[in-house]
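Visitor: I am new to this structure. Please choose one part of it and take me through that part closely, residue by residue.

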Amino acid sequence: MAYDKELAAAIKAASLAARLCRKVQKALLQSDVRSKHGRNKSPVTVADYGSQALVSFVLQQEFPGEFSLVAEEDSNDLRKDGGGEIVERITKLVNESLTSDGSYGVSLSSEDILKAIDSGKSEGGSQGRHWVLDPIDGTKGFVKGDQYAVALALLDRGNVVLGVLACPNLPLTSISFAHPHSPNNEVGCLFFAEVGRGTYMQPLDGSSTVKVQVSAVENPEEASFFESYEAAHSMHDLSSLIAQKLGVKAAPIRMDSQVKYGALSRGDGAIYLRFPRNGYREKIWDHAAGSIVVTEAGGVVTDAAGKQLDFSKGKYLDLDTGIIVSNQKLMPLLFDAVRASLAQKSKPQP
Ligand SMILES: Nc1ncnc2c1ncn2[C@@H]1O[C@H](COP(=O)(O)O)[C@@H](OP(=O)(O)O)[C@H]1O
Ligand SMILES: [Mg+2]
Ligand SMILES: [Mg+2]
Ligand SMILES: [Mg+2]
């Protein structure tokens, strides 16, 4: 089928990267966390770099020749004074992962690692094929020992055609309030989706695979919604106004990263609301994999004007106000509640 080879390579790369991240998270030392310079100051760890180097290396091994990767991180900070020690740690981590996997029989130098990280500088766009990678989405969740995801997607002529979400800290069974997962439940899932072929979930070791579907809930009173854990990433007051207008009774499920898309794709919750504060421009790597995982599971992902997300315009998503996600039945009600809430919010306060 169209993208079988690419999907197999993406699952392999994301699984290897997830195992590297899991190892680091278990032994995370504060020294592994640096905050990136510049306005956003979102943290970045040895695992973000290690994951990006590993995914980039594996994909280039599987697809030698033309290769285009749009990825979040670059090696600029690592090449500065004082970066040497962290580069050594990253190199060791990546080589340990490659040795344990055994497929490639190579040991990479620090320069190989920096080059692999920097091969993620493509701008993407509407022509040709581009891999899109967030090596750790939800680094804030990662550093506090909570949820994060390795998010890898493939763009083909501007459309997302496959996505893989490795979620090392997500329990295999539902996390919804309605069905709290059993305490001895296995933790670590990988979701994958290919255009036109549905969404599947497997444990990180790939031992079994199930097809997943979004929640069939039609009554908003029975629905629950996901939103960012970070109030800095999404306006929680707006989400609660929308939920109230919609008639949602349950409290929000607040989680870091695109794990929210994975959990929604298997029906743990019926809605995801994301309203960044003014001026923030969403990056394609924060949503490419998650969006296809939901849409291939029967869900709908649009901006606040009801428009599909457009991944063909380079590294950024130009969208109207925010991102709303739900199933086909609830989406018309959700859309009306969003419009009414935005109208109310924009009215001058008395
Ligand atoms: N002000 C902001 N508004 C919205 N998203 C932001 C943001 N600052 C950072 N982010 C993005 O939000 C992502 C995490 O999403 P969530 O809030 O769902 O956990 C971060 O991904 P990284 O952790 O890969 O940097 C980061 O790219
Ligand atoms: Mg980041
Ligand atoms: Mg991200
Ligand atoms: Mg990231």
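**Around Asp137 and ligand 1**

Guide: Apart from residues up to four places away in sequence, Asp137 touches Tyr148, Ala149, Ser257, Gln258 and Asp286. The model is a predicted one. Asp137 belongs to strand β4. With a relative accessible area of 9%, Asp137 counts as buried, because the cut-off for that word is under 20%.

Asp134 is also part of β4, which covers residues 129–137. The relative accessible area of Asp134 is 1%, so Asp134 too is buried. A link between the two aspartates comes from the side chain of Asp134, which reaches the backbone nitrogen of Asp137 at 3.5 Å. When neighbours within four places in sequence are set aside, the contacts of Asp134 are Glu72, Ala149, Val150, Ala151, Gln258, Trp285 and Asp286. Ala149, Gln258 and Asp286 are therefore on the contact lists of both Asp134 and Asp137.

Several of these names return in a database record. In an unreviewed UniProt entry, the annotation "binding site" covers Glu72, Asp134, Ile136, Asp137 and Asp286. These positions are spread over 215 residues of sequence, yet they cluster in space, with a largest C-alpha distance of 9.7 Å. The contact lists fit with that: Asp134 is in contact with Glu72 and with Asp286, and Asp137 touches Asp286.

Ser257 is the next residue to follow from Asp137. Ser257 sits in the loop between β11 (253–255) and α7 (259–265). Its relative accessibility is 9%, which means that Ser257 counts as buried. Beyond residues up to four places away in sequence, Ser257 touches Asp137, Gly138, Gln147, Tyr148 and Ala149. Tyr148 and Ala149 are touched by Asp137 as well.

Ser257 also leads to ligand 1. There are 19 residues around ligand 1, and the closest are Gly138, Ser228, His233, Ser257 and Lys260. Among these, Gly138 is also a contact of Ser257. Strand β4, where Asp134 and Asp137 are found, gives the most to the shell around ligand 1, with 3 residues. Sorted by class, that shell holds 4 nonpolar, 7 polar and 8 charged residues.

What do the polar atoms near ligand 1 do? A backbone N or O atom of Thr139 is 2.8 Å from an oxygen atom of ligand 1. Ser228, one of the closest residues, places a polar side-chain atom 2.7 Å from an oxygen atom of the ligand. At Tyr280, a polar side-chain atom lies 3.3 Å from a nitrogen atom of ligand 1. Ligand 1 taken alone exposes 570 Å², and the protein buries 93% of that.

For a view of another part of the chain, take Val161, found in strand β6 (residues 159–171). Val161 is buried, with a relative accessible area of 6%. Its C-alpha atom is separated by 5.0 Å from that of Val195, although the two are 34 residues apart along the chain. Not counting residues up to four places away in sequence, Val161 touches Tyr3, Leu154, Asp156, Ala193, Glu194, Val195 and Ile292.

Ile292 in that list leads to helix α8, where Ile292 is one of the buried residues. Helix α8 runs over residues 288–295 and is mostly covered, with 7 of its 8 residues buried. Besides Ile292, the buried residues are Ala288, Ala289, Gly290, Ser291, Val293 and Val294.

Conventions
Residues are numbered from 1 along each chain as its sequence is written. Chains are lettered from A and ligands numbered from 1 in the order in which they are written. This is a predicted model: local features need pLDDT of at least 70, side-chain atom pairs count only at pLDDT 80 or more; totals for chains, interfaces and linings use all residues. Side-chain values use heavy atoms; hydrogens and water are left out. UniProt positions are given in the numbering used here, feature names are shortened, and annotations may be inferred rather than shown by experiment. Helices (H or I, at least four residues) and strands (E, at least two) are DSSP runs, numbered from the N terminus. Buried means under 20% relative accessible area, exposed over 50%, partly exposed in between (1.4 Å probe, protein chains only). Contact means heavy atoms within 4.5 Å. A polar contact is a pair of N or O atoms within 3.5 Å; within protein, one must be able to donate a hydrogen and the other to accept it, and residues adjacent in sequence count only if both atoms are side-chain atoms. A residue is near a molecule or strand if one of its heavy atoms lies within 4 Å of it. Accessible areas come from the Shrake-Rupley method with a 1.4 Å probe; for residues, only the protein chains shown count as cover. Ala, Val, Leu, Ile, Met, Phe, Trp, Tyr, Cys and Pro count as nonpolar, Asp, Glu, Lys and Arg as charged, and the others, Gly among them, as polar.
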